[in-house]
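Work through the exercises below with the structure in view. Each task is followed by a solution in steps.

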Amino acid sequence: MAVACGGVTWLFALLWLRNVNLSGIIAGSAVVTAIIGLSMQDTLGNLVAGLAVQLDDSLDVGDWIKIDDIQGRVVEMGWRRIAVETRNWETVMVPNSVMARGKFTVQGRRSEKPVQWRRWVWFNVDHRWTPSEVIETVEAALRQAELPRVAPDPPPNCVAMEFAESFTRYAVRYWLTDLAADDPTDSDVRTHVVAALKRAGISLALPAHAVFLTEEENAERRLRKAREDQEQRVRALRKVALFNRLPDEELETLASQLVYAPFAQGDVMTRQGSEAHWLYIVSEGTAERYVETEGTPSTLVNAISAGEVFGEWSLVNDVVRETTVVARSSVLAYRLPKSAFLAALTRNQNLAHEIAMVMGEKRTALDAALQHLDEEARQRRGNENQTTVMQSLRRLFGV
């Protein structure tokens, strides 16, 4: 533009030096300029708006923006328009004049803060459970879980938003660090919310309808469902080496005391240093056991598969949890209360030696993995662990 203006100025100066009458030329050029200006009004407006957008630094390539119903990432900024790639693999060309005249939102940006965007995940829970119960359950699960693309600071939080006729409406608010993966991360959060609520015995609200059933049909259905659930629990106990030698009557008793506890991938099932209240029985899925040492990364000890238990050592020896267990897939587990587990051992003292052997072997494998024991040291530690378990059982039985 500077070169063009200079050229025009030089041309007029040259004509004036040659005594050419410039008044007619100037009048005619003014008309031509007006015509050209009107015809190029939008183009010139986009050029000026593009210059303004470039100079005020309100937008950069890579920013996620929202303009009316368009959401996407800025991939190119030109003099006439900007290119926005949406999550649906579409590229939208937005004229700079639109950016200059209207408002647009830059998502995930705050002064002197990392790029993260707050998301809302909604769910409904029946009025039978108080908001404090629901909020504490959900927040505890989400803050302990390993959720990719979810910012740890600020931590996820749960709020009660509305009281409806048959349920309370809640929202989980979390901060998304990868703005391209909004829906997948929302799905992960919902999965953890549902698993946490089921572990706590809290069910999501169902649409309320008036349905009339006879008492006989309702009682029969409940009885059939309870019988199927009891059979599933007994099958889970039979797969565990710690319980498969118990008589059928004892298995039925233990099965009736199991608490259903599903976990989503990344959920912390137990935390190192916490008080032991439960014995965990893994029915489906895989978990991993870690040891956390201050100042160093967590150390992987071993994997826990279906048919295995963990937590019995802390219950028998009355010590805090020595490892952290994290679900590495969706895990279907059952929790056996400490009182029920110790009562079962008391009622079956004739199996104490076999139980001590199983617990001693598991503890020895854990010690060997943590301390890198050789075969001789492993054998010696195994004898020590079995002795420790037997002493704890004798103290438990009072003999």
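**Exercise 1.** Compare the span that α5 should have, at 1.5 Å a residue, with the distance between its end C-alpha atoms.

Solution. The model is a predicted one. Helix α5 covers residues 131-144, and it holds 14 residues. The expected span is 1.5 Å times one less than the number of residues, so α5 should span 20 Å. The end C-alpha atoms of α5 are 20 Å apart, so the two values agree.

**Exercise 2.** Find which residues of α5 are buried, and say what covers them.

Solution. Start with the cut-off: a residue is buried when its relative accessible area is under 20%. In α5 this holds for Val134, Thr137, Val138, Glu139, Ala141 and Leu142. Next, look at the cover. It includes the strands β6 (117-126), β7 (157-163) and β8 (167-176), as well as helix α6. For the background, 38% of the 399 residues of the chain count as buried.

**Exercise 3.** Describe how α5 and α6 pack: what are the angle and the distance between their axes?

Solution. Two packed helices are described by the angle between their axes and the distance between the axes. Helix α6 consists of residues 182-199, and its axis comes within 9 Å of that of α5, with a crossing at roughly 125°. The angle is neither over 145 degrees nor in the range 65 to 115, and α5 and α6 are therefore oblique to each other. Their crossing is right-handed.

The contact is made on the α5 side by Val134, Thr137, Val138, Ala141 and Leu142. On the α6 side it is made by Val189, His192, Val193, Ala196, Leu197 and Arg199. Sorted by type, the residues of this contact are 8 nonpolar, 2 polar and 1 charged.

**Exercise 4.** Do the same for α8 and α10: how are the two helices oriented, and which residues make the contact?

Solution. Helix α8 (residues 248-256) packs on helix α10 (residues 338-347) with the axes 10 Å apart and an angle of about 170°. Because an angle over 145 degrees counts as roughly antiparallel, α8 is roughly antiparallel to α10. The crossing of the pair is right-handed.

From α8, Glu250, Thr253 and Leu254 take part in the contact; from α10, Ala340, Ala344 and Arg347 do. By type, there are 3 nonpolar, 1 polar and 2 charged residues in the contact of α8 with α10.

**Exercise 5.** State how many helices and strands the chain has.

Solution. The chain has 12 helices and 16 strands.

Note on methods
Residues numbered from 1 in each chain as written. Predicted model: local features only at pLDDT ≥ 70, side-chain atom pairs only at ≥ 80, totals over all residues. Heavy atoms only, no water. Axes fitted to C-alpha atoms, helices over the stretch in contact; angles between N-to-C directions. Helix = DSSP H or I, 4+ residues; strand = E, 2+ residues; numbered from the N terminus. Parallel < 35°, antiparallel > 145°, perpendicular 65-115°, else oblique. Left-handed = near helix turned anticlockwise from the far one by under 90°. Contact = heavy atoms within 4.5 Å. Nonpolar A, V, L, I, M, F, W, Y, C, P; charged D, E, K, R; others polar. Buried < 20%, exposed > 50% of the residue type's maximum accessible area, 1.4 Å probe, protein only.
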